[in-house]
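I opened this notebook to keep track of what I looked up, entry by entry, in a single structure. The entries go from the whole chain to single residues.

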Amino acid sequence: MAVSYNGLWKLLIDKNMKKVDMMNQVGISSSTVAKMTNGEFVSMKVLEKICEKLDCDFGDIVHYEKEMKDGGQ
């Protein structure tokens, strides 16, 4: 997985929100949240909507994780 949304999940905890609360407030589908839960890519538009509603920045909710190649390099 090269994309991590751990920042988003931590932000939801800090705001005492559940994923379903975010879905309703932001207006995104459960399939989009499932993609994020599995570390899959979502559109920048989705990230923009989340940032707008949760008053945060892209860097607060998503970051790149370098994948390790075989042999740990």
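**Entry 1, the whole chain.** How many helices and strands are there in the protein chain? I noted beforehand that I am working with a predicted model. I find 5 helices and 2 strands in the protein chain, and reading along the sequence I write the pattern down as β-α-α-α-α-α-β. Taking the principal axes as the frame, I get a box of roughly 45 × 25 × 20 Å for the C-alpha atoms. I then looked up burial, and of the 73 residues of the protein chain, 36% count as buried. For the contacts, I restricted myself to residues at least 6 apart in sequence, and of these contacts 58% join residues at least 24 apart.

**Entry 2, H2 against H4.** Next I asked at what angle the axes of helix H2 and helix H4 cross. With H2 taken as residues 19–26 and H4 as residues 44–54, I find that the axes come within 10 Å and cross at roughly 95°. Since angles of 65 to 115 degrees count as roughly perpendicular, I therefore enter H2 and H4 as roughly perpendicular to each other. On the H2 side I list Met22, Gln25 and Val26, which meet Lys49, Ile50, Lys53 and Leu54 in H4. Sorted by class, this contact of H2 with H4 has 4 nonpolar, 1 polar and 2 charged residues.

**Entry 3, Met22.** Is Met22 buried or exposed? I have Met22 placed in helix H2, and its relative accessible area is 0%, so I record Met22 as buried, the cut-off being under 20%. Leaving aside neighbours within four places in sequence, I find Met22 in contact with Leu8, Trp9, Leu12, Met17, Gly27, Ile28, Val33, Ile50 and Leu54. Ile50 and Leu54 from that list are also among the H4 residues in my previous entry. For Leu54 I also looked up the separation from Met22: the two are 32 residues apart along the chain, and their C-alpha atoms are separated by 8.5 Å.

**Entry 4, rings and Lys19.** I searched for aromatic pairs, and the count comes to 0. I then asked which residue lies over the face of Trp9. I find Lys19 there, at 4.3 Å from the ring centre. Following Lys19 further, I compared its position with that of Ala34, and the two are 15 residues apart in sequence and 9.8 Å apart in space, C-alpha to C-alpha.

**Entry 5, two residues of H3.** Ala34 lies in helix H3, and I note it as partly exposed, with a relative accessible area of 35%. Lys35 lies in H3 too, a helix that covers residues 30–37, and I enter Lys35 as partly exposed, at a relative accessible area of 40%. Setting aside the neighbours of Lys35 within four places in sequence, I find this residue in contact with Glu40, Phe41 and Val42.

**Entry 6, positive phi.** I keep in mind that most residues other than glycine have a negative phi. Where, then, is Asn16 found? I place Asn16 in the loop between helix H1 (6–14) and H2, and I read its phi as near 55°, a positive value in a residue other than glycine. Asn16 is exposed, with a relative accessible area of 72%. I made a parallel note for Asp55, whose phi is near 55° and is likewise a positive value in a residue other than glycine. Asp55 lies in the loop between H4 and helix H5 (58–61), and I record Asp55 as exposed, with a relative accessible area of 69%.

Definitions and conventions
Residues are numbered from 1 along each chain as its sequence is written. This is a predicted model: local features need pLDDT of at least 70, side-chain atom pairs count only at pLDDT 80 or more; totals for chains, interfaces and linings use all residues. Side-chain values use heavy atoms; hydrogens and water are left out. Axes are lines fitted to C-alpha atoms, for helices over the stretch in contact, and angles run from 0 to 180 degrees between N-to-C directions. Helices (H or I, at least four residues) and strands (E, at least two) are DSSP runs, numbered from the N terminus. Angles under 35 degrees count as roughly parallel, over 145 as roughly antiparallel, 65 to 115 as roughly perpendicular and the rest as oblique. Contact means heavy atoms within 4.5 Å. Ala, Val, Leu, Ile, Met, Phe, Trp, Tyr, Cys and Pro count as nonpolar, Asp, Glu, Lys and Arg as charged, and the others, Gly among them, as polar. Rings of Phe, Tyr and Trp (its six-membered ring) pair if their centres lie within 6.5 Å; planes under 30 degrees apart count as stacked, over 60 as edge-to-face and the rest as tilted. A charge sits over a ring if NZ of Lys or CZ of Arg is within 6 Å of the ring centre and within 35 degrees of the ring normal. Buried means under 20% relative accessible area, exposed over 50%, partly exposed in between (1.4 Å probe, protein chains only).
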